[in-house]
Amino acid sequence: MRVGVVGAGFAGLMAATRLREAGHEVVVLEARDRVGGRVWSQRLVADDPHTVIERGAEFVLDGYEVMRRTAQDLGLSFADMGMSYYVREPVGGLPTTHQEIAACAAVVAAGAAAVPWSTPLTKVLAEATSAVPASALQAYTSRVVVTNACPEDRLSAAAVTDSTVAFEKRPSHRVVGGNQSIALGLAERLDRAVMLRSAVQAISWGNDEVRLHSSTDEIVVDDAVLAVPLAVAREMSFDPPLPAWKLQAWERAGIGHAAKLHAPLLAPTSFSAVQSVSDRYWTWTATDGTGEVQPVINAFSGSGPALAALQVEAGPRTWVEKVAALRPDLSMDAAKAIVTTWSDDPWSREAYSAMTVDVEQGDADCLVSAVGALHFAGEHTAGDWAGLMEGALRSGERVAAEIIGKSTGNQRNPTSP
């Protein structure tokens, strides 16, 4: 069987790898001039091979079993970051502590679990005001908005029903040399099957054949995997049109908007994690493969309103000024600061998926289900792992197993959720 894969991010490359291992012919079409998608590692300082920043997905967290197994298979290793993704010092709001925020998270999670799926998070937060300190609730809301890259009035209560685990101190890791090394390693094994600068613009599909119309060629395959961000998939042309249940689930799916800031440091520092409560971003310094703290300040902000307040569309200046006020303990080289955004990138259009009030309870099945010979992968199809590198990799394995099962007659090809 010949399978076409659209997108050379983690999901597409994993799907192609597993299909190749099962004896299928694969071709991977990628619009960018690099592999990795929203996983993008880069040197911040040209003459320093160790100072690699993650302009996209960064943290390797609990439960990342597929990512760890894949890295080991590729001969890659992980570095402990020193700081913990899960614990951040709240600054810039009403005085509170991490312990109070964690307790607040437990109260909100319980409230969210007791209301209907589509209940706005703002309603649950309002009901929690009598049970938790206002300072902790303010800091908790700031963090949840940033993490989900979506404002609280758009978030569903379902987004925070299990958020308590995110407030327990646990180790955080990164791939030595950059998380994108996983994509590069998988692509190297696929070799000439990966075609860069090949943007798929239209897809003609049926039950037994798919035609991928790219900017460079037309590829005819038996089955195809669409492994691009959902915001990009929405803009593609399909002939015949996809069924209504699929399109409606796509339309309801939430889109998160986020940005990252990186700036070199002029003096050594220790690892840290500090949250700007009022400005809705957080910063960290962390160790890398050398065992030393990288000479870099990293920052992440999520949600449209927060990004607008930081003026990220105009570059790093405003954000750098805010970080300098938040972190007077650090000496930054502001002239070399860079901002990375994803919503204005034509091949992503979003940071990652978000659980908004528009999402319906059965939509997860709709996002996953195949249509004829067309299959779907990507972090937005990963259920509980949505929005994460691990989710993207798991979705690639899932869709590969789906196609392999179909080809051997052990699994029907689903055409509806």
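1. A cavity here is a set of points on a 1 Å grid over the protein atoms alone where a 1.4 Å probe fits but cannot get out. Its volume is the space filled by probe spheres set on the points, which are joined across faces, edges and corners. About 40 Å³ lies in the largest cavity of this predicted model, and the structure holds one cavity of 30 Å³ or more.

2. A word on the basis: this is a predicted model, with local features needing pLDDT of at least 70 and side-chain atom pairs pLDDT 80 or more, while totals for chains, interfaces and linings use all residues. Residues are numbered from 1 along each chain, and side-chain values use heavy atoms, without hydrogens and water.

3. L226, V228, A233, W250, L367, F376 and H380 line the largest cavity (an atom within 4 Å of a point).

4. The largest nonpolar core (buried Ala, Val, Leu, Ile, Met, Phe, Trp, Tyr and Cys residues joined through side-chain atoms within 4.5 Å; buried means under 20% relative accessible area with a 1.4 Å probe, protein chains only) has 53 residues. F10, L13, M67 and W282 have the most contacts inside this core. Its largest share, seven residues, comes from α1, a helix (a DSSP run of H or I, at least four residues) spanning 10-21. Apart from this core lies another, of 29 residues, including V228 and A373.

5. You will find zero disulfides (pairs of cysteine sulfur atoms within 2.5 Å) here. For C150, the closest cysteine sulfur is that of C104, 18 Å away and so too far for a bond. C150 is buried, at 4% relative accessible area.

Terms used: 1 Å grid on protein atoms, 1.4 Å probe; cavity = no way out; pocket = protein on both sides within 12 Å on 5 of 7 lines; lining within 4 Å. Buried < 20%, exposed > 50% of the residue type's maximum accessible area, 1.4 Å probe, protein only. Helix = DSSP H or I, 4+ residues; strand = E, 2+ residues; numbered from the N terminus.
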